[in-house]
Structures are given as C-alpha cells and as structure tokens.
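Me: Please take me through the interface of this model, with the cut-offs behind each term stated as we go.

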Amino acid sequence: MLRFIIRRLVQMVGVLVVLSLLLFLWLRSLPGGTVSAILGERATPATRAAMEKAFGLDEPVWVQYGKFVGRVLQGDFGPSTSVLPGTDALDIFLQRFPATIELSFFAMLIAVALGIPMGYVAARRRASFLDNASVVFSLVGVAVPVFFLAFLLKYVFAIKLGWLPVSGRQDGSLDATRVTGFFVIDGLLTREFDASVNALKHLVLPAVALASIPFAVIFRITRASVLEVLDEDYIRTAESKGLTNRVIRGRHVLRNAMLPVTTTIGLQIGALLGGAVLTEAVFSWGGIGEALALSFSRRDYPVLQVIILAAAAVYVLVNLLVDIMYAVIDPRVRTR
Amino acid sequence: MTSTSTSPSTHPHGRTGSSEPLLSVRDLRVTFQRQGQEPFEAVQGVSFDVHPGQTVGLVGESGCGKSVTSLAIMGLLPARGNRVSGTVSYDGTDLLTLSDQQMRDKRGKDIAMVFQDPLSSLNPVIPIGLQVTEVLERHRGMSRKAATPVARDLLDRVGIPDPDRRLTDYPHQLSGGMRQRALIAIALACQPRLLIADEPTTALDVTIQAQILALLKELVQDTGTALVMITHDLGVVAGLCDEVNVLYGGRIVERGERHELFAQPRHPYTHGLLASIPRLDAPRGQRLTPIPGSVADNLPWTHACAFAPRCSQPIEVCTRVMPELVPHEGRPLRCHNPVEESR
Ligand SMILES: Nc1ncnc2c1ncn2[C@@H]1O[C@H](COP(=O)(O)OP(=O)(O)OP(=O)(O)O)[C@@H](O)[C@H]1O
Ligand SMILES: [Mg+2]
C-alpha cells in the first residue's frame, strides 16, 4: 500500500512537470498578451518593448520556461503582472485559496450528504413517486447553468427575502480574528462562534449553487449503482441467511455500491473549479475562481500558472485519495 | 420388472422413515406479471413432500421452474411483479403466510440455501470469516468473537484447508471448489433442518463436482439435514437422492424412489433424460440421445401435454387433453402413453 502511494506521488510530480510545460506554451500562444492587456493595443512599439523586457517576455519561450522552472523549484512563481502588479503571485494564491477550499468543501458536503442517501432511497423504491421525483430533481440539477442558479438563489433568498447575506464570506463589522483563513474554523478556534455562524450563513447560497452539479451526478451514480448491486447474487445469498435489513443494507449493499460513487466524487471535486469561477463571481467570494477569471482576461501569466498548477496538484491528490479509498473498500484491488 | 416393492404412499420416506413431512409443498403456483406483458406461470401447481433427513431431487431442463420453486419456498422471489399461491408448510407452518420478519427468522436458521455460482454468490468485499459469522451472530445471538472459532470449525468441517487463514481471505482468493465449500459452510452454520441446493455443482469442473456432491452427501447424513437437490443432471441425482421429482414446464411429470425411477422411467421425458446421461456400461461408440427440440416448442398445459411436440411416442389425445398426475403402477405419473419397457 505504501509503495503504491509513493509510486503515485512520483507519478504526480511527472504529471505536474508535463502540465507546467504545456500550460506555459499554451498561455504564450494565446492571442493578445500581458503587455497588450496592460497598455492596450495602441501603445507605441517602444513602450511595449520596454515592458516586455521588464517582464522577461522578450526572451525565447524555452529560456523563459527554463528560468520559470528554476524559480518555481525555489518556491518563487514571480510577481503578478497585471492583476495586482508587483504582489507575489503565490501570495495572491495562498491568500485566496482557503476561501475556495471552504466553499468547495461545503458544496461537496451538501452534494454527498444529499446525493448518496437520495440515490439509495430512490433505488430501493424504484419507480415510486419518490424515485421519479428525485430523478427529475437531479435532472434539473445538471440542466440549470450554475451561473443562473447562483443568480436565482441570490435574488430570491438574499435580495427578495433577505434571509441570507447577498455576498462576501463574512460581515466585515464582526472584525473576526483570522487564523487559518477558513472562516468557519477560525471562529471555532478563537471561540468567536458568532463569526462561524456568520460565515456559515454566507456559505449557504454559494455552496448550494456550486453543489448542484456534483449532487446530481452523485445521486444518479448512487442510484444506478445500488440498483445494480441489489440485483447481485450475493444480495440474494445475504437474504437467504435471514440477515436483518439493516445488516444487508449497510454491510452488503452500500459497501459495494459505494465503489463507483467514490470515483465519481473524486472526479467531481476535480471539476469543481469550473463552477467555482462562476459562483464566486456572483457572490463576490474573493476566492481563486475570481482570481482565475481576472488573471485570464488580463493575461497575468504568473498568477494563472500558480492557480492552474495548484488546481492540477489538488486534482491529482484527490484522485490518489480516491484510489486509496477504493483499495480500502475493495479487496480485489488491494491484493492485486 | 425390477424392484416393485413400492409402498402405496406416493411419498416414499427416506432413511429416517418418520411419518410427518418436514416440508410439504402443495399446489405451488408462481406467476410473473410484468407490465405490458402476458402473465407467465413459471410454476403451475407443484406438490411434493420432504421428510426429515430425506434427500429429494427436483430435476428438469433449464427454465422448467426449479429455481423459481426453491425461491418461492425460501420467500426470496422479487418483492414485486409476481404472485405466489398454494401452501408451503414447514414443520406445520405455512411459510407463504408468514410476515417478512418471521420469514427472516427462519431463513438461514431452519431453512438454508446453497446457490449455483459460488463466486457471484459470495460478497466480494467481505472476508469469508464474516460471511460465516454474521449468520451465527444473527440466529445464535453470538458475538463476532465467539462466532469466529465456530466459523473456523465449519470451514474445517467442509474441507477447506488452512481454515484459520481463510477466515480473513476474500472470495477472489479462493478456488471455485473452496468457494462452494464456503457457501455450504455458511448454509449449514446454524444446523438447519432443511437445506435447498440449487445446482450447487454446475459452475464447477467435473472432479470438483464429485467432491462437492460427496461432501453434501456426507454432511446431510451426519447431521440428519433434509436436502432438496435441484439439478438438470440426473447423474447428480443418482448418487444422492432418495426420491426424485421430474419437472417439465412448471409441473411435476413423474415422481419416484430413485432406484425405481432409474430402472423404469415411465414418462418419455424422464426416459429421454436418462438416455442422455453417459452410462459406464454402454457399448463403446453408442451415441447419446438428447431429447429433440426445446422448451420453446411446449404446448400450454391447460389443454395438452406440454411435452407432446418433443415426445418420442405421442398419441392423438396428447395434444388435446392435459394429463393429470395420477398413480401409475404405484407412483405418480403425468402421461397419456407411458413408456412400458425397462432400461
Ligand atoms: N423474476 C422473473 N421474472 C420473470 N420471469 C422469470 C423470473 N424468474 C424466472 N422467470 C422465468 O421462469 C421460468 C423458470 O425459471 P427458473 O429459473 O425456475 O428455471 P430453472 O429450472 O431454474 O432453470 P435453470 O436450469 O436455467 O436454472 C423461466 O422461463 C424464467 O424465464
Ligand atoms: Mg435455476
């Protein structure tokens, strides 16, 4: 098992190296560029050249990449060029990262906590009203664009009804103490519980919006997977032993049904960033989703590079966790 | 004619010779009803008895309703889409009238079952040990800890080598024969009085088949467990069963004590089945004679003999009138024109 994990970590480094190269080349092949983004198209060639030189963009791409790798190995991603000029790109990322993680975590929590039980119940009551209703509900979940859903939730529950905050992660007036950057945890650590509650209230709407797609996917996979397992011979064997429903459900059905669900959850976590960009924009969340959109439109290569590489690292790590989970559940993988 | 010492009873007793049947199936009918489809009666009024300690065979070709019969007895048919009628009395209680909970209390404890495919019948993600102990925990009220040595002894008893290690093994780590032994250990864990084995050897290769059959025979003899042996292979029945029921198209067409049935099959179907098993004393080069046609050719039982289109000796009445299951020379037979010669 340990050897398996180490091998996967080494693979991860390889993936990141290849990705960083592709990313580097891709960014520099985009139309427009850092300089045009800052100066506009009508700047004189001389000013353009001066700025390119300042950012090191005048050198051949290979040289740029070599220098980039050299600096990154020392933890230096370079200063932001156009989002927050001069600020260290890594700092921008680190400062915003907890916001996105907190949002994504709660979104996945909602998706899993609703998707798995609903999928299970729908499968057990196949073709009942409950089943049909939840299938339709999940279809709506995937079909409605995240952006639109975020807007709708904000309009109804924040603006019209006023039940929940309109934007941001916490009321500034609380002046809460910062420890980890995860506001809910910070409140607990510093015993400023009202700060935690306030952060949670801010989380509800964006997390629900962001959860819509993973929820729908997890629900559908769980339902399909439970239906398949219920049909298996070993469930009939379990029934023939007279086991209680509780044991059959927990030990025999759910464990087997969770195998494909685990993989799905991993993939959904990886896909979350796309939804986060939109959700964070609607709720002025101040996370990396917003920074990603902004740095892309302004061609801020250093910031883009940190964010995309970090997202890739998270993605690979999550899938490593998924594989470990899989091996924990399924002995056939473990002993191979 | 050979042994004709038939008792007048249509249910010859097994070794124990006790008078009350342990299991008494009467007019069992199972109809599947799928939306948008004609109802399909898979079991059409099957009756048979199993006495304590007796081994009874249910024999017939694929699709004749053997598994459906056994699942109906166990209360394991799908929850929806079927209708079951008749009575299945076990030790005086009609199982078909029991609640789900009452049936759960009986399954695995009083009546147990062994299935056809040992790999798919064991849960792939649960160690063998737990798959044995959970049934002891359930019905014997044992703790997992107390049940573990019992499970170990059971694995040992069914001939699984190195049982201590096998407790923590998973199904994929066992050979096919060992898996079937494990399933037998699970079924016998609570010493049920009745065991139903649904083609327990079809998924295994020939030498393993013989071992598993020998094991089953030994176990039911030692423990006095009654056994319902379901198979499409009369060869399996030959060494094991006291009494044999031959099923065709959801109905019993012939029943007899094993030796009688083998010596004098009266139904052309039974005759055909017997002719299609290889005999050691057959002249070399003699071709086996499988029954021509398939169940797809069946006529509806309601106004004919379902087997008539495939029969070697049909007469005119066979396609007009349903034959009843009535005693013929002392044992039940459903045929207008029985085979007369001995084999
Ligand atoms: N759940 C079900 N729904 C509809 N029809 C079914 C169902 N289960 C079985 N049948 C039908 O009932 C008939 C009898 O099936 P059964 O499984 O009892 O056959 P069998 O004698 O056990 O055959 P085999 O030797 O192939 O196991 C078949 O025609 C089958 O298609
Ligand atoms: Mg069958």
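Reply: A polar contact is a pair of N or O atoms within 3.5 Å; within protein, one must be able to donate a hydrogen and the other to accept it, and residues adjacent in sequence count only if both atoms are side-chain atoms. This is a predicted model, in which local features need pLDDT of at least 70 and side-chain atom pairs pLDDT 80 or more, while totals for chains, interfaces and linings use all residues. Residues are numbered from 1 along each chain as its sequence is written, chains are lettered from A in the order in which they are written, and side-chain values use heavy atoms, without hydrogens and water.

Me: How many residue pairs are in polar contact across the interface of chain B and chain A?

Reply: The rule just given is applied to residues that are both at pLDDT 80 or more. Across the interface of chain B and chain A, the number of such residue pairs is 16.

Me: Which element gives the largest share of the side of chain B that touches chain A?

Reply: Helices here are DSSP runs of H or I with at least four residues, and strands are runs of E with at least two, numbered from the N terminus. Among the elements of chain B that give two or more residues to this side are helix 1 (66-74) and helix 7 (176-188). The largest share, six residues, comes from helix 4 of chain B.

Me: Which residue of chain B forms a salt bridge with E239(A)?

Reply: A salt bridge requires a side-chain nitrogen of Lys or Arg within 4 Å of a carboxyl oxygen of Asp or Glu, and the count between the two chains is four. For E239(A), the closest N and O atoms are 3.0 Å apart, and the partner is R104(B).
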